[in-house]
Amino acid sequence: MQKITLSLILGAAVVLMPGLASAAADLPKTVKIDPGPVEPVCNQNNPDWRKAQTIEGVKIQESLRCSPDNPAQIAAEVKGTNNISMQTLMETYYAADAIIKKNDMDGDGDPDLIIIKLEVAELNGHSPDFDGYVPTFDIAPGVQPGMWVFAPKSRGMATNSFVGTDANPLLRAPSPVIRVEQGDVVWIQLENSHYFPHTIHLHGVDHPWVDSSGEGNDGVPQTSDKFVLPGQSKTYEIRPRQPGTFVYHCHVQTHVHLAMGLVGMFVVEENRPNNWVQTFNVGGGQVRHPSKAILEKYDTEYDLHYHAMDKELHSIIQKYNDPRLIARDMNRLYDMTDSTEDYHTLNGRSFPYTIRESMIVTEPNQEIKIRMFNSTGELLAIHTHGHKGTITHYDGVEHNPSAQIMRDVYNLAPAQRNDLMISTKDDGLHSYGEGIWIFHDHREKGITTDGMNPGGNVSAVVYKKYLTEEGLPKGIGESITPLFTKTFFQRKYPVWQDIDEWNSLGEVDASDYVPPPPAVPVEIEPAPKGMGSDQASVSDNSGSFTNFLFGLIIGIVVYLLIINREKVMALVSSSKGGN
Amino acid sequence: MNKILSMTVLVFALFSTAAHAKEFINHDNLMSHGDGHFMDMDGAMVMGQNTDTLPGGCDKIAATKEITVHAGHKYAKKFPGRMFAFDTQEWEFEPCTKLTVHFINDDEIRHQWMMHGLPKYLYPKGMFHLEVTGPGEVSGTLIFPPGDKTYLVHCDISQHMEKGMKAQLKIGNGSGDLPSIPGVTANVIQDDYSQSIPDINPNPAPVKNASASTSGDNTVGSGDDSLVSGVTVIGLLIGLILAPILAKKFKGMTVSEVVAYIFELVSQLIGFVINLISNIFKKIFSKKAIELPQDK
């Protein structure tokens with residue numbers, strides 16, 4: 001009887017076994033990660049700013065993107081802050097003396113003395129009072145590397161309001177594009193409002209080595225210039241004879257100051273009568289008041305400034321408040337030769353923010369002028385989808401027109417500029433037709449933000465047909481809203497969450513998971529001989545072969561010693577006893 | 001063309017003086033833009049100017065005061081680790097005081113004397129604000145409301161407050177102290193100075209004459225130190241092993257005998273080593289394993 005009971009129990013256990021085993025053999029479940037607050041894809045839409053309009057007599061082109069430049073600001077940039085109404089000035093953040101334009105010396109209808117004032121602003125810097133950065137400038141949702149920029153002279157607060165910490169619109173990356181006319185007398189007054197010394201070097205721009213008073217004008221402390229110390233100002237004087245796309249940057253501790261963001265584009269436009277150029281293009285992107293010479297050949301003009309940042313360098317100013325500690329870490333402890341670039345920006349922002357500001361909006365049969373500048377530390381390889389552009393200028397110098405080449409990848413060495421002509425003629429060469437065509441760095445790290453993709457310096461050429469009312473691309477691909485969360489760039493959100501109805505590539509949740517014991521494979525067919533065991537014996541053989549060789553040599557030596565033992569003993573004893 | 005050029009030179013000459021002159025400007029001719037906002041074209045600014053409207057709760061102006069405040073890099077000199085500062089960090093006034101501030105900027109950049117937290121019905125955004133590009137001066141007036149309160153006074157240009165341009169103004173007894181005011185209160189978030197114990201003379205210059213060689217010996221000696229320490233350990237081990245054997249050997253000997261014996265051993269050892277080497281040499285060279293052709 002007992003025996004029967006036992007066998008019954010055992011039998012039941014055997015019957016139930018498969019069911020139990022399969023329950024225990026399940027893999028951990030999938031969970032959904034809450035993306036947290038999602039920013040609107042287009043956050044600050046000023047519909048009135050997008051229209052073509054004329055302010056203070058300044059013609060301003062249409063700008064259909066989500067965050068267009070403020071037309072009042074463009075009027076100030078074209079006319080100068082001294083030639084506009086107080087009302088227009090008050091609609092901007094410019095100081096009253098930020099851009100002074102006067103003296104039509106050649107009588108051609110435009111001013112020929114241009115006085116530009118630049119301050120130095122820190123973005124995402126340290127505060128001794130609270131655990132956060134000030135004033136803030138996000139390059140992507142929640143991504144706030146510490147940066148320095150040259151900024152047009154502004155008035156009032158560095159932040160938008162006393163309540164928030166976000167920087168006022170003039171304080172942003174990149175350092176603003178400066179535009180002057182060929183032959184203008186230009187004074188660039190650097191008012192060093194920062195806590196470190198700085199200078200300005202005009203890279204590629206025609207400038208005398210010393211100014212009219214015999215002071216240095218090249219910005220290089222080792223040769224011509226004194227440091228412009230905190231609280232001091234210095235005026236650089238130029239009268240550029242050659243047009244082109246050039247650069248300006250700080251030349252103090254250049255390796256880090258340039259990387260921190262003290263670098264911008266400097267464009268000299270060809271001389272034309274009554275040619276009022278837009279002195280600043282804050283944030284780069286579309287030039288809403290192109291010069292006369294550009295409008296002779298092109299419909300629109302864009303400034304594209306590519307930059308990259310090493311988060312190790314860019315966090316130094318966030319670690320300390322004491323400028324001496326910042327100087328120590330930045331100048332001595334930080335080793336740029338060991339650096340890697342983590343953030344890749346176009347006009348100061350990374351994807352997805354680039355689609356708010358730096359899209360190229362176009363329609364068929366247009367000619368677009370693009371000035372591309374690389375201020376990263378590495379070679380760039382910018383690729384345009386759907387278009388092959390013609391490189392017309394290298395480093396501001398026109399390439400022989402008959403030798404100009406068309407490409408779909410544009411190489412830019414560090415500090416290099418390419419002027420491109422992109423035509424939207426649908427001929428399968430210049431353009432493949434209407435669409436949303438992205439353009440981006442084809443070094444794949446360039447399309448990441450600290451390794452998270454999509455991110456980096458991606459933007460797009462968008463045809464009007466594919467543009468929403470709000471100025472966003474009317475995409476027909478996957479949703480980009482999860483990219484507008486901090487969670488995504490904190491690497492906490494699975495890139496492929498919800499790609500199908502049961503979230504097959506979602507996040508694994510093994511919090512209450514107990515793995516079953518590993519299964520023992522049942523031999524269905526005898527395993528073929530060799531394979532794994534063979535490999536092991538091969539590796540054993542190689543080891544034992546060495547051992548064998550070693551043993552052989554020792555054996556020979558010992559044999560020789562024994563054979564010659566009398567000689568050896570004699571040698572030893574003769575040494576002992578003396579001759 | 002020549003004409004244009006000469007005109008340019010002339011203009012250059014005329015204006016370059018203006019560009020380089022950093023003359024002190026007293027901005028006393030500001031244009032009113034309403035709401036207590038005054039400005040001129042050189043960037044001087046007053047916001048929240050109020051010379052005559054009494055704040056609610058004040059029966060009369062309790063006192064009329066004037067202060068002169070300087071701002072600039074040089075005022076941070078007495079506060080290590082700061083870059084910009086006002087010349088004064090604290091002020092105290094009684095409620096309903098009418099205060100005129102003469103703000104003098106000694107630098108060549110913008111600075112501000114900005115105050116927050118005033119009643120918004122009287123001061124737009126609750127602010128009183130003086131701003132001037134130096135070197136220059138701008139003045140403004142306001143009337144304080146009643147009640148004990150501490151007001152933040154600062155320069156809001158990026159990092160100027162953080163790097164020292166911060167002060168407090170107490171009305172009545174105030175409402176406590178604000179943090180990170182140079183020389184007055186500590187930072188809330190403090191820097192880590194643990195790595196800041198520098199070697200202020202990392203490469204001392206060699207001293208002249210005899211002492212020069214001593215310092216040279218020192219470096220050699222210090223170099224040997226590490227070597228000796230390794231050898232010492234080996235010596236110690238050998239010593240430990242040999243000690244019992246030696247103890248047996250020297251049993252019953254006097255100290256002088258032991259010393260003599262050791263000398264003998266050492267001399268024998270040296271002799272053995274020399275003989276061994278010379279024998280090896282002889283063995284090798286006597287055979288003339290390699291005969292040079294000219295020997296034949």
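**Partly exposed turns, enclosed elements and a chain–chain contact**

A:D498 counts as partly exposed, since 15 other C-beta atoms lie within 10 Å of its own. The model discussed here is predicted. Within it, A:D498 sits in the loop that runs between α11 (486–489) and β27 (507–509) of chain A. Its backbone is worth a look: phi is near 65°, a positive value in a residue other than glycine. A:D395 offers a companion case, with a positive phi near 50°, and again this is a residue other than glycine. A:D395 belongs to the loop between β20 (389–394) and β21 (397–398) of chain A. The count for A:D395 is 17 C-beta neighbours inside 10 Å, so this residue is classed as partly exposed.

Two cis peptide bonds can also be picked out in loops of chain A. One joins A:V134 and A:P135, with omega about -20°, and A:P135 is placed in the loop between β5 and β6 (147–152) of chain A. The other leads from A:F351 to A:P352, where omega is near 10°. A:P352 is found between β16 (343–346) and α10 (354–357) of chain A, again in a loop.

Turning to the interior, helix α3 (residues 71–79) of chain A is largely enclosed by the rest of the structure, because nine of its nine residues are buried. The buried residues of α3(A) include charged side chains as well as nonpolar ones: A:E77 and A:K79 are listed along with A:I74 and A:V78. Among the elements that cover the buried residues of α3(A) are α2 (47–50), β2 (53–55), β3 (58–60) and α4 (86–90) of chain A, together with β4 (99–102) and β13 (280–281). After α3(A) comes A:G80, which has a positive phi near 95°.

Strand β25 (residues 436–441) of chain A gives a similar picture: six of its six residues are buried, so the strand is largely enclosed by the rest of the structure. β25(A) pairs with strand β19 (residues 380–384) of chain A in antiparallel fashion through three bridges, and A:H383 has A:H440 of β25(A) as its bridge partner. β25(A) also runs antiparallel to strand β26 (residues 459–463) of chain A, to which four bridges join it. Here A:F439 stands opposite A:S459 of β26(A).

In soluble globular proteins, nonpolar side chains tend to be buried together. The largest nonpolar core of this model holds 162 residues, and A:V149, A:F266 and A:A460 have the most contacts inside it. β5(A) is the element that gives the most to this core, contributing seven residues. Beyond its neighbours within four places in sequence, A:V149 is in contact with residues that include A:A121, A:L123, A:L171, A:P174 and A:L262.

At the level of domains, chain A is divided into domain 1 (47–489) and domain 2 (532–577). The centres of these two domains, taken over C-alpha atoms, are separated by 74 Å.

Chain A also meets chain B, with 49 residues of chain A in contact with 45 residues of chain B. On the chain A side, the elements giving two or more residues are β5 (113–123), β8 (185–191), β10 (233–238), α9 (323–333) and α13 (565–577). By class, this side has 21 nonpolar, 17 polar and 11 charged residues. Chain B itself has three helices and 13 strands, and 26% of its 296 residues count as buried. Of the contacts in chain B between residues at least 6 apart in sequence, 66% join residues at least 24 apart.

Terms used:
Residues numbered from 1 in each chain as written. Chains lettered and ligands numbered in written order. Predicted model: local features only at pLDDT ≥ 70, side-chain atom pairs only at ≥ 80, totals over all residues. Contact = placed C-beta atoms within 7 Å. Buried ≥ 20, exposed ≤ 12 C-beta atoms within 10 Å, placed from the backbone. Core = buried A, V, L, I, M, F, W, Y, C linked by C-beta atoms within 7 Å. Pairing = 2+ DSSP bridges. Domains from an automatic or database assignment.
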